[in-house]
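Me: I would like to go through this structure by question and answer, with the reasoning spelled out at each step. Could we begin once the sequence and coordinates are in view?

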Amino acid sequence: MAVGITRLARISLNSADAHALARFYIDAFGFTDLGDAVGSAHVLRLALGGTRLDISTAGGAAYPGDVPGWSQLFQHCAI
């Protein structure tokens, strides 16, 4: 029996500079800042309508600049 997916609960990203990345999503796309969540890692919570975006500082590193689009290292989400 197939189960249909109706929506994504949230998208989670790691970043070396979570505040700068959050500012980009707020300025470029109009995300709303939902405030910080503190748990095992520091997480910035954003929302765009019903879509949640959590940006974590846990283990973030600079993205390599020479990764081709077909590589498994290439990660993105489309809005």
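**Helix 1 and its surroundings**

Me: What end-to-end span should helix 1 (residues 18-29) have at 1.5 Å a residue, and what do its end C-alpha atoms give?

Reply: This is a predicted model, and the check starts from the 12 residues of helix 1, for which a rise of 1.5 Å a residue leads to an expected span of 16 Å. The end C-alpha atoms of helix 1 agree with that expectation, since their separation is also 16 Å.

Me: Which residues of helix 1 are buried, and on how wide an arc around the axis do they lie?

Reply: The buried residues of helix 1 are A18, A22, Y25 and I26. They are placed on the same side of helix 1, because the arc they cover around the axis is only 95 degrees.

Me: Which residue just after helix 1 takes a positive phi?

Reply: Just after helix 1 the backbone takes a positive phi of about 85 degrees, and the residue concerned is G30.

Me: How many aromatic pairs are there, and what is the geometry of the one that F24 and Y25 form?

Reply: With ring centres within 6.5 Å as the criterion, the count is 4 aromatic pairs. In the pair of F24 and Y25, the centres are 5.4 Å apart and the planes stand at 75 degrees; planes over 60 degrees apart count as edge-to-face, so the pair of F24 and Y25 is edge-to-face.

Me: Is Y25 buried or exposed, and how is its ring placed against that of F29?

Reply: Y25 has a relative accessible area of 10%, which is under the 20% cut-off, and therefore Y25 is buried. F29, at 38%, is partly exposed, and it lies 4 residues from Y25 in helix 1, about one turn of the helix. The rings of Y25 and F29 are 5.9 Å apart centre to centre with 35 degrees between the planes, and this pair is tilted.

Me: Which residues do ring pairs link into a cluster?

Reply: F24, which is partly exposed at a relative accessible area of 43%, belongs to the cluster. The members linked by ring pairs are F24, Y25, F29 and F31.

Me: What pattern do the helix and strands follow along the sequence?

Reply: The protein chain holds 1 helix and 4 strands. Read along the sequence, their pattern is β-α-β-β-β.

Me: Which element has the lowest mean pLDDT, and which the highest?

Reply: Over the protein chain the mean pLDDT is 82, with 89% of the residues reaching 70 or more. Where pLDDT is low, predicted coordinates should not be read in detail. Among the elements, the lowest mean, 83, belongs to strand 2 (residues 32-38), and the highest, 93, to helix 1.

Technical notes
Residues numbered from 1 in each chain as written. Predicted model: local features only at pLDDT ≥ 70, side-chain atom pairs only at ≥ 80, totals over all residues. Heavy atoms only, no water. Helix = DSSP H or I, 4+ residues; strand = E, 2+ residues; numbered from the N terminus. Expected span 1.5 Å × (residues − 1). Buried < 20%, exposed > 50% of the residue type's maximum accessible area, 1.4 Å probe, protein only. Arc of directions from axis to C-beta. Phe/Tyr/Trp six-rings, centres within 6.5 Å; stacked < 30°, edge-to-face > 60°. pLDDT = per-residue confidence, 0-100.
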